[in-house]
Amino acid sequence: MSQHDIDLTLLRQWVGKTESHSDTINPGFAAALAATLDHPQTPAAGDALPPLWHWIYFWTTCRQSEVGDDGHPRRGGFLPPVPLPRRMWAGGRLRFAAPLLIGATATKTSRIASVDVKKGKTGELAFVTVAHEIAHNGKVAVHEEHDIVYRGMPQPGTAAVAPKQAPVEADWRRRIKPDPVLLFRYSALTFNGHRIHYDRSYVTGVEGYPGLIVHGPLIATLLVDLLGRSLPLARLVEFNFRAVGSLFDIETFEVCGKLSADGKRAELWAQNLRGELAMQAEAVLA
């Protein structure tokens with residue numbers, strides 16, 4: 001067997017594994033994310049935490065000696081030891097059942113829901129889905145399913161996958177400049193050591209990308225942020241998103257949205273300047 005052969009029977013032994021983290025929804029962290037997203041106002045203690053901002057809490061910490069070459073914790077702890085080297089946040093599905101209040105103490109319980117392997121156009125892919133519940137005051141505030149995809153390094157001569165074009169018509173658009181400072185600040189807020197977001201020599205020389213990669217959760221947060229700026233009185237009930245392509249710090253990109261005729265749903269997406277789709281999402285509103 002080569003180093004990248006996948007033993008699915010072994011990996012599925014992780015299904016059902018759980019872990020829990022408790023954290024205080026620190027007002028200072030919320031203020032820092034508000035600044036990172038260029039908000040003119042800062043939420044205060046007692047306010048409801050904006051949707052998706054929970055991703056800056058409940059850090060997964062590990063000793064420096066337990067960090068892998070890519071900057072993530074070495075595999076085989078809570079997450080299964082998938083041997084494929086490239087790891088990306090592929091998407092997720094979230095339901096917001098109750099407010100998560102800034103200043104409160106909450107508990108995040110995570111469970112490995114599934115592990116699967118598929119053959120893609122560029123080679124073998126491994127998918128791990130993690131289910132999360134965040135609760136405080138005896139109520140679950142956030143239900144989330146988080147999809148992680150693992151893939152091999154690009155092989156010489158492999159044809160590039162044709163990009164998918166983004167929708168043309170949008171009700172809202174916002175242009176984002178993903179410079180290294182923005183990516184560093186978000187990495188710091190999420191305690192994310194993955195080198196693809198800040199180490200240019202690693203991401204270009206080892207993983208073969210053209211620039212620093214914009215975090216999937218940051219793009220999703222910017223989509224929901226666009227929704228909040230455009231419809232400040234709407235309440236987000238569900239949010240489903242899927243990464244389609246990558247965005248890099250070498251060019252600006254746009255987050256876009258379009259409201260359904262009945263006003264109950266919004267189609268959201270991120271695209272590069274060539275109109276190529278990077279992330280697509282749907283929001284359910286109340």
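This note comments on the sheet and on two helices of a predicted model.

1. The sheet. Ten strands make up an open sheet, and their pairing is antiparallel. The strand order is β1-β3-β4-β5-β2-β7-β10-β9-β8-β6. Since β1 (18-24) and β6 (172-176) each have a single partner strand, they stand at the edges, so one side of each is left without a neighbour in the sheet. From one strand to the next, the twist averages 20°.

2. The β1 edge. Strand β1 is joined to β3 (residues 105-120) by 7 bridges, and the two run antiparallel. Within this pairing, S22 stands opposite T107 of β3.

3. Helix α5 on the sheet. Helix α5 spans residues 216-230 and lies across β2 (86-96), β6, β7 (236-243), β8 (253-259), β9 (265-272) and β10 (277-285). Relative to the edge strand β6, the helix runs at about 135°.

4. The buried side of α2. In helix α2 (residues 27-36), the residues A30, L33, A34 and T36 are buried, that is, under 20% relative accessible area. These residues lie on the same side of α2 because they cover an arc of only 160° around the axis. The buried residues of α2 pack against α3 (180-189).

5. The ends of α2. At the N-terminal end, N26 acts as the cap of α2: one of its side-chain oxygens lies 2.6 Å from the backbone nitrogen of G28. After α2 comes D38, which has a positive phi, near 65°.

Conventions:
Residues are numbered from 1 along each chain as its sequence is written. This is a predicted model: local features need pLDDT of at least 70, side-chain atom pairs count only at pLDDT 80 or more; totals for chains, interfaces and linings use all residues. Side-chain values use heavy atoms; hydrogens and water are left out. Buried means under 20% relative accessible area, exposed over 50%, partly exposed in between (1.4 Å probe, protein chains only). Helices (H or I, at least four residues) and strands (E, at least two) are DSSP runs, numbered from the N terminus. The arc is that of the directions from the helix axis to the C-beta atoms. Contact means heavy atoms within 4.5 Å. A polar contact is a pair of N or O atoms within 3.5 Å; within protein, one must be able to donate a hydrogen and the other to accept it, and residues adjacent in sequence count only if both atoms are side-chain atoms. Two strands pair if DSSP finds at least two bridges between them. Axes are lines fitted to C-alpha atoms, for helices over the stretch in contact, and angles run from 0 to 180 degrees between N-to-C directions.
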